[in-house]
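Please open the structure in your viewer and keep the selection tool at hand. The stops below take you from one selection to the next.

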Amino acid sequence: MVYLVLNSGSSSLKAQLIDVPSGKRLAELNVERIADAPTATYSDGTTEQLPETGHTAAIAATLPKLLALAGNPTLAGVGHRVAHGGPDYHDPVVVTDAIEAKIAELSALAPLHNPVNLAGIRAAREALPGVAHVAVFDTAFHAALPARAREYALPKALREKYQLRRYGFHGTSHQYVAQQAASYLKTDLRQLKVISCHLGNGASVCAIEFGRSVETSMGFTPVEGLIMGTRAGDVDPGALVHLMRAEGLGADQLDALLNKQSGLLGLGGAADMRDLETRAAEGDTAAQAAIHVWAHRVRKYIGAYAAVLGGFDALIFTAGIGENSAAARHHIAQNLGFLGAQLDEDRNRQARLTDATPVIDIAAPFSRARILVVATDEELAIARQAHKLLAETVAVNTLPAIPIGVSQRHAHFRQATLDALFGPGYQLRERKPLSQPGQFAAEETVTIVGPKHQIENVRILGPTRPVDQIEISRTDEFFLGIDAPVRDSGNVAGSPGIKVVGPHGTVELTEGVICAWRHIHMHPEDAARFGVADKDVVDVEVEDPVRPLTFGNVLIRVSEKFRLEMHIDTDEANAAELNTGDTAALSETGKTARLIRKRV
């Protein structure tokens, strides 16, 4: 299955032909100075001056030779890197005229990137009209950022009018290296807390909790966050207002200042870390200061994200600087031992990534958290995502609808906790059976007491479980005054505790309060029919003539003990005007309820 991957930049065009099953590069192309004097360089070492400028002409001129270098394979699809997917695109999509129009509309959010990405898409669709084209968005991995990490403290009217929020970028890279790290650690990514540092000319940090991006340093544009080659990163907005007034800067001048004249270039006089490291070693104080300020910013974000995650299992360095500069990694990681991440200086100096060794552990043997250098491969990730989309979208006309269960706040307890609340040896009394076999709502209720308020008559569900767990909605969370994470059932480590009052006694839980990750229970036979597996994440579309709604990030849970049913909480049900017994269907984002696809 060979895919063409295109990365269209403002002054360049990069293309690779990739065999997805093996990950092997069959041929590569790099066109530079595409707008004025385009020169194409192929993976066989040959170069040629192209007769015409622009992406359309470049693709038309170079594609035949690129395909010939690979033996003229039949293309299974074309994957396109697109910088900005806005608030609507959480996953790759097959490109249509409507998708092209949407990408063009989103150019206002990424004026330096989306227009040239779109130019490449249009040129490739013209050159390869019989092949499926897939847009893979840099922002997609961050689409599920929680509101607390996503929102700017700006007036609501302006936020809504101009879609002002934090989108994040480098998502394809962060997702790929996190998966590579999980494979190296022989652990499911959905069991890990990871901080990924993509450090190149563009740079960002991402906090990944159990496979999902929950924080990232880039925001509405790729300027926010870390110091980059020529981009400023975080700057006090008041300083920019002052500059506009004092220097008479217009919008275009301010844009150029932040994107092209700042960052490492502004600090040390060079945008390339290699040049700065050479000068710093020769005693250049400006270069030394630039490196220290840059590293300090990265380290600060790592500390912040460690707090967001409640600790981490792995710290990843990737991209040009992260993969190749032992000195940069040293400056960043030398003081992280208090977070459980102890750098081994010898391993760090000796780390050299190769195709055969794409992941290297540079942490000390006794370090609790691993420090990994991981080779990113955004082109392979794009090819895989395109293949996954095209291969796993199937019609579900014959599949059953999925019953919906609306879950009120409730509690699950260990027997020891039950004994403390109701008396030694207490046994729950069944009030009514639940839809899942063997589960029941008990007669017993408790009161849960938060820092602000308490909620009485919280129903206990039986039978007892190995861990205490109280599931609440977002509304309950604010009412109680606690900060409950969105988690899969049973995954309560690091969640807040709460006081629980029963008729016999009181228990102070140290952890266990969560907002349940919306999920679908499936018997293995159901999972086989729908083409999904345990812990897959899907989208679910609820059809309604007045208020249709798509639920993203729906977790699949498969067990012999389960019966087909989707579980959502009361807040989610109210948003969709759903009641227990209503039905939905697994769907592709943006499509009708007659299609199913897994999230990438």
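Begin by selecting K186, which sits in the loop between α6 (171-184) and β9 (193-199); as you look at this stop and the later ones, keep in mind that the model is predicted. The backbone of K186 has a positive phi of about 55°, although this residue is not a glycine. Most residues other than glycine have a negative phi. Is K186 buried or exposed? With a relative accessible area of 76%, K186 is exposed.

Move next to F210, which lies in the loop between β10 and β11. Here, too, a residue other than glycine has a positive phi, with a value near 55°. F210 counts as buried, its relative accessibility being 10%, whereas K186 is exposed.

From F210, extend the selection to the strands on either side of its loop, β10 (residues 203-209) and β11 (212-216). These two strands run antiparallel and are joined by 4 bridges; to find one of the pairs, select C206, whose bridge partner in β11 is T216.

Now show the sheet to which both strands belong, an open sheet of 6 strands with mixed pairing, in the order β11-β10-β9-β12-β14-β13. Which strands stand at its edges? They are β11 and β13 (359-361), and each has a single partner strand, so one side of each is left without a neighbour in the sheet. Following the sheet across, you will find a twist that averages 25° from one strand to the next.

For the next stop, select helix α1 (residues 55-69) together with helix α3 (residues 114-127). Two packed helices are described by the angle between their axes and the distance between the axes. For α1 and α3 the angle is about 45°, and the axes lie 8 Å apart. That angle makes α1 oblique to α3, and the crossing in which α1 passes α3 is right-handed. To see where the helices touch, display H55, T56, I59 and L63 on the α1 side, and V116, A119, G120, A123, A124, E126 and A127 on the α3 side. Sorted by class, this contact has 7 nonpolar, 3 polar and 1 charged residues.

Go on to strand β23 (residues 498-501), where it helps to display the side chains and compare the two faces: I498 and V500 belong to the covered face, while K499 and V501 belong to the uncovered one. Strand β23 pairs with strand β19 (residues 440-449) in the antiparallel sense, over 3 bridges. It is also joined by 4 bridges to strand β24 (residues 506-509), again with the two strands running antiparallel. V501 is a useful residue to select here, since you can follow its pairing in both directions: V501 is the bridge partner of T447, and V501 also stands opposite T506 in β24. How many residues lie between β23 and β24? There are 4 residues between them, and the two strands form a hairpin.

Finish at P463, in the loop between β20 (454-462) and β21 (469-471). Select G462 along with P463 and look at the peptide bond that joins them, which is cis, with omega about 0°. Most peptide bonds are trans.

Technical notes
Residues are numbered from 1 along each chain as its sequence is written. This is a predicted model: local features need pLDDT of at least 70, side-chain atom pairs count only at pLDDT 80 or more; totals for chains, interfaces and linings use all residues. Side-chain values use heavy atoms; hydrogens and water are left out. Axes are lines fitted to C-alpha atoms, for helices over the stretch in contact, and angles run from 0 to 180 degrees between N-to-C directions. Angles under 35 degrees count as roughly parallel, over 145 as roughly antiparallel, 65 to 115 as roughly perpendicular and the rest as oblique. A crossing is left-handed if the near helix is turned anticlockwise from the far one by less than a right angle, and right-handed if clockwise. Contact means heavy atoms within 4.5 Å. Ala, Val, Leu, Ile, Met, Phe, Trp, Tyr, Cys and Pro count as nonpolar, Asp, Glu, Lys and Arg as charged, and the others, Gly among them, as polar. Two strands pair if DSSP finds at least two bridges between them. Buried means under 20% relative accessible area, exposed over 50%, partly exposed in between (1.4 Å probe, protein chains only).
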